[in-house]
Amino acid sequence: ITSLPDQDWLFHSTPSESAYGIVLAKSAYDQGYRKLSILYAEPSQSLSDIFQENFENWGGEIVAAIPHSVEVATSYQNELEQAAQGGAEALVTLSYAEHVGVYVGEAVMGGFFTEFLGMASIQSQDFIEQEILKGATISEGCATTPSFVPTRFLDKFNESYEAEYGEASPQLQSGNVYDSV
């Protein structure tokens, strides 16, 4: 790769929102979900639309698709009440980890939802360690994320990161992004 006539340009890409939405919708349907609600950050409207379109094409029903501001709120009580109406079996979380950390804890503690589906943002260590989730029992969950082919370069990054910081990288794609720069 270093000898390619590319003027030292290297591009790294991840799957599009369309791909994430389609994969998550299919996964939800294949797991037996038939009625879902979506809670999404306003910039994720297109992702919500793609998820909804595909989930409904497979025979599922979206009982509510509720947007919220990109600003992190201290409570999502009103949004959760709306999402819980209509008998949704689970909540699809299409928000950033900071939002999800607030409303998943609230959803569980308030009895709105115990099952969640979402994106890679809910698989970060930062999300898992959020104070609001301590003591919450989440019965089911599913999240889509890109999978990575293990390579010696990824192994080297992980070893170097852990040696430098004393822990594994909290971000799912750090090693692959590092390798691309």
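Helix H4 is mostly covered in this predicted model. Of its 13 residues, 11 are buried. The buried set opens with Ala97 and His99. It continues through Val100, Gly101, Val102, Tyr103, Val104 and Gly105. Glu106, Ala107 and Val108 complete the list. The helix covers residues 97-109. Its span from first C-alpha to last is 18 Å, close to the 18 Å expected at 1.5 Å a residue. Just after H4, Gly111 adopts a positive phi of about 75°.

H4 belongs to a chain with 7 helices and 5 strands. Along the sequence, these elements follow the order α-β-α-β-α-β-α-β-α-β-α-α. The chain has 181 residues, and 38% of them count as buried. Its exposed surface comes to about 10,400 Å². Carbon and sulfur atoms supply 50% of that area. Among contacts with a separation of 6 or more, 75% join residues 24 or more positions apart.

Confidence varies along the model. The mean pLDDT of the chain is 78. A value of 70 or more is reached by 67% of the residues. Among the elements, strand E2 (residues 61-68) has the highest mean pLDDT, at 96. Strand E5 (residues 140-143) has the lowest, at 48. Over residues 131-141, pLDDT stays under 50. For this stretch, the model has 27 contacts beyond four places in sequence.

Technical notes
Residues numbered from 1 in each chain as written. Predicted model: local features only at pLDDT ≥ 70, side-chain atom pairs only at ≥ 80, totals over all residues. Heavy atoms only, no water. Helix = DSSP H or I, 4+ residues; strand = E, 2+ residues; numbered from the N terminus. Buried < 20%, exposed > 50% of the residue type's maximum accessible area, 1.4 Å probe, protein only. Contact = heavy atoms within 4.5 Å. Areas by Shrake-Rupley, 256 points an atom, 1.4 Å probe, with all protein chains shown as cover. Expected span 1.5 Å × (residues − 1). pLDDT = per-residue confidence, 0-100.
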